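Trainee: Could you pick one part of this protein and take me through it slowly? I'd like the terms explained as we go.

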Amino acid sequence: MSNFKLYSKYYDLLYKNKNYFAEANYVMTLAKKYKKNIQNFLELGCGTGNHAEIICEQGFEVIGIERSTEMVAIAKQKNIKNFNAIVADITSFHVDKKFDIAISLFHVISYLTDNNDLINCFKTINKHLNTEGIFIFDVWYSPAVYIQKPETRVKRMSDENIDVIRIAESLIHFNQNVVDVNYNIIIQDKTTQLTNTYTEKHPMRHFSIPEIELLAALTNFKIIQTEEFETGKTPSENTWGVCFVLQKI
Ligand SMILES: C[S@@+](CC[C@H](N)C(=O)[O-])C[C@H]1O[C@@H](n2cnc3c(N)ncnc32)[C@H](O)[C@@H]1O
């Protein structure tokens, strides 16, 4: 599977309008609610470092774990002070350090479609947390996926050199709790008018609250807060992204 290999090149442009500032502040507020005197954050699936950049500006140290070498290369080009991105898998990494807070944002955990990968990921995070450390993440929520159903979406973005069109078509695997998001990405060079087309498949798992409760219990965590990401509303069939706050037992 090559997801984020080609996509990474256009990632920051495609998410130029995503409010990373508000999201990072939301997560920092949740973290501070449960942990005083936070020193550092561990970020799983840090991508191109957009949340880390805002967290580091607040004086924290962030270590990022990211599987895609291309995403890490882009993150490193940003020269973010007190941020170190490491190429590794979130199901099996080792960092010689413990953390107050672990975060995993923008549905990274939904990329783990396999039960063993999920258990290994949560156990590995738990090992890297200090006593009563906090793990905050957002995932796709099963009731919303089944009731709303993923629609075909088209996104268009441009910079001074290129136009990018991204078409996202989904295939639901009802018995696996997985949706394949098939991206078709069309890049047009503004000067030469030459067009390139790429495809990438992103299999995404969605979760129910009892499933996360079970996963937490299996990996020495307890759930201490569950809410709609950013709004804080009670999750419902209209909630695509649910935020979970877990505490290490
Ligand atoms: C939707 S992006 C989110 C990136 C970043 N958190 C953000 O908000 O911009 C999902 C990221 O998770 C990473 N990822 C998915 N599975 C992973 C794994 N098993 N180990 C490490 N990174 C993973 C992908 O490479 C990708 O960068």
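Mentor: Sure, vocabulary first: helices (H or I, at least four residues) and strands (E, at least two) are DSSP runs, numbered from the N terminus. Residues are numbered from 1 along each chain as its sequence is written, and side-chain values use heavy atoms, with hydrogens and water left out. Keep in mind that this is a predicted model, where local features need pLDDT of at least 70 and side-chain atom pairs count only at pLDDT 80 or more, while totals for chains, interfaces and linings use all residues.

Let's warm up with Leu218, which sits in helix 7 (residues 209–218). Setting aside neighbours within four places in sequence, Leu218 is in contact (heavy atoms within 4.5 Å) with Ile119 and Lys123. Ile119 is 99 residues away along the chain, yet its C-alpha atom is 7.4 Å from that of Leu218.

Now for the part I'd really look at: the place where two domains meet. An automatic or database domain assignment sets the bounds, giving domain 1 (8–142 + 206–248) and domain 2 (144–205). Their C-alpha centres are 23 Å apart, and 25 residues of domain 1 touch 25 residues of domain 2. The size of an interface is often given as the accessible area lost when the parts come together. Here the buried area (accessible area, 1.4 Å probe, that two parts lose on being put together, summed over both) is about 2,300 Å², with carbon and sulfur atoms giving 62% of it.

What else links the two domains? There is one salt bridge between them, meaning a side-chain nitrogen of Lys or Arg within 4 Å of a carboxyl oxygen of Asp or Glu. There are also 14 residue pairs in polar contact, both residues at pLDDT 80 or more. That term means N or O atoms within 3.5 Å; within protein, one must be able to donate a hydrogen and the other to accept it, and residues adjacent in sequence count only if both atoms are side-chain atoms.

On the side of domain 1 that touches domain 2, helix 1 (8–14), helix 5 (115–127), strand 5 (129–141) and strand 9 (195–207) each supply at least two residues. Helix 1 gives the most, with three.

Helix 1 turns up again when you look at salt bridges across the whole structure, where a search finds five. Lys78 pairs with Asp12, their closest N and O atoms being 2.8 Å apart. Lys78 is in the loop between helix 4 (69–77) and strand 3 (83–87) and Asp12 is in helix 1, so this pair ties together parts 66 residues apart in sequence.
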